[in-house]
Amino acid sequence: IRGLPWYSLTLAGLGFFGLPTAFFEWSGGGLSGISRSIGFAMTPVVVILVVAFTGRDEVRRLLLPALCGVGGVLLLLPFTLPASTRGWWMLGGLLAVIVLMAAASVWMNRILQPFRLTEAVAIVGLSNAAFLILCASFSGPAIGRWSALAASISLSSAANAAETILILWLLREIAPVRLAARYLVIPLLIVAEGYLIFRPELTLRMGLGAALLAGGAAVLLFSSEASEKAHLSLR
């Protein structure tokens with residue numbers, strides 16, 4: 001590991017996992033679930049811009065499908081602008097976190113290549129654990145924190161750990177633009193599930209939003225520009 005860029009992986013892992021987690025914990029109830037969903041739906045747009053900035057100009061063609069996906073989410077989810085100064089600060093912080101996670105995902109895709117999955121899990125997991133323990137030391141008494149830690153050891157915690165390992169594997173194996181499409185697929189599945197359960201009246205707005213969201217997600221998932229291409233050189 002000493003011969004690998006573990007320090008870069010540490011910084012990128014903190015930008016993708018630790019710092020966003022600390023922000024959402026600090027924001028508390030300042031951000032609604034709808035605001036988070038809409039904010040994360042913008043992640044593919046930011047990822048495409050970051051990838052294009054690194055020299056892959058062909059991905060700019062995917063900006064329109066990504067924006068269509070964001071438009072679909074806005075049509076499907078009721079969103080209102082913040083009515084207070086704190087709300088605007090929370091919204092600005094959410095956008096900053098989205099940009100940070102998008103840039104970190106592009107960075108990690110390249111950094112993770114020489115690492116085995118176990119090495120990546122160890123480095124990212126330990127660094128984020130140390131960071132979050134440091135953040136927790138500034139809030140609340142130690143007894144309360146240890147009791148909360150004991151209560152959090154459950155089946156759901158094991159599922160979260162498995163999810164983190166899976167995300168790390170996907171960050172290494174899948175191109176950033178294609179992986180970012182999950183932020184459009186997730187709200188699409190949630191909306192579809194809600195429709196099947198509650199059976200609301202289907203409106204033109206719902207149909208148009210679902211079509212835009214599904215179309216944008218499908219283009220990002222299956223477009224050839226979304227995957228890494230091997231370039232041959234005669235040098």
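**Stop 1: the cavity**

Begin inside the protein. This predicted model holds one cavity of 30 Å³ or more. The largest cavity contains about 80 Å³ of space.

To find the place, select F16, T43, V47, M101, A102 and S105, then add L171, P176, L179, A180, R182 and Y183. These residues line the largest cavity. Color them by type. Nine are nonpolar, two are polar and one is charged. The charged one is R182.

Which helices should you show around the largest cavity, each with at least two residues in the lining? Select α3 (43-53), α5 (85-111), α9 (176-180) and α10 (182-198). Keep α10 selected for the next stop.

**Stop 2: a pocket along α10**

Now look for the second largest pocket. About 190 Å³ of space lies there. Select L76 and L77, then I190, V191, G194, Y195 and F198, and finish with P200 and M206. Together they line the second largest pocket.

Which helix gives the largest share of this lining? The answer is α10, with five residues. So α10 appears at both stops: it supplies at least two residues to the lining of the largest cavity, and five to the lining of the second largest pocket.

Color this lining by type too. Eight residues are nonpolar and one is polar. No charged residue is found in the lining of the second largest pocket.

**Stop 3: the whole fold**

Zoom out and switch to cartoon. How many helices and strands are there? Count eleven helices and zero strands. Follow the chain along its sequence and you meet one α after another: α-α-α-α-α-α-α-α-α-α-α.

Next, show contacts between residues at least 6 apart in sequence. Of these, 84% join residues at least 24 apart.

**Stop 4: surface and interior**

Turn on the surface. The protein exposes about 13,900 Å². Carbon and sulfur atoms supply 71% of that area. Then hide the surface and look within. Of the 235 residues, 36% count as buried.

**Stop 5: confidence**

Last, color by pLDDT. The mean for the protein is 85. A value of 70 or more is reached by 89% of the residues.

Where does pLDDT stay under 50? Select residues 230-235. For this stretch the model has zero contacts beyond four places in sequence. Where pLDDT is low, predicted coordinates should not be read in detail.

Note on methods: Residues are numbered from 1 along each chain as its sequence is written. This is a predicted model: local features need pLDDT of at least 70, side-chain atom pairs count only at pLDDT 80 or more; totals for chains, interfaces and linings use all residues. Side-chain values use heavy atoms; hydrogens and water are left out. Helices (H or I, at least four residues) and strands (E, at least two) are DSSP runs, numbered from the N terminus. Buried means under 20% relative accessible area, exposed over 50%, partly exposed in between (1.4 Å probe, protein chains only). Contact means heavy atoms within 4.5 Å. Accessible areas come from the Shrake-Rupley method with a 1.4 Å probe; for residues, only the protein chains shown count as cover. On a 1 Å grid over the protein atoms alone, a cavity is a set of points where a 1.4 Å probe fits but cannot get out, and a pocket is an open set with protein on both sides within 12 Å along at least five of seven lines; lining residues have an atom within 4 Å of a point. Grid points are joined across faces, edges and corners, and a volume is the space filled by probe spheres set on the points. pLDDT is the predictor's confidence in each residue, from 0 to 100.
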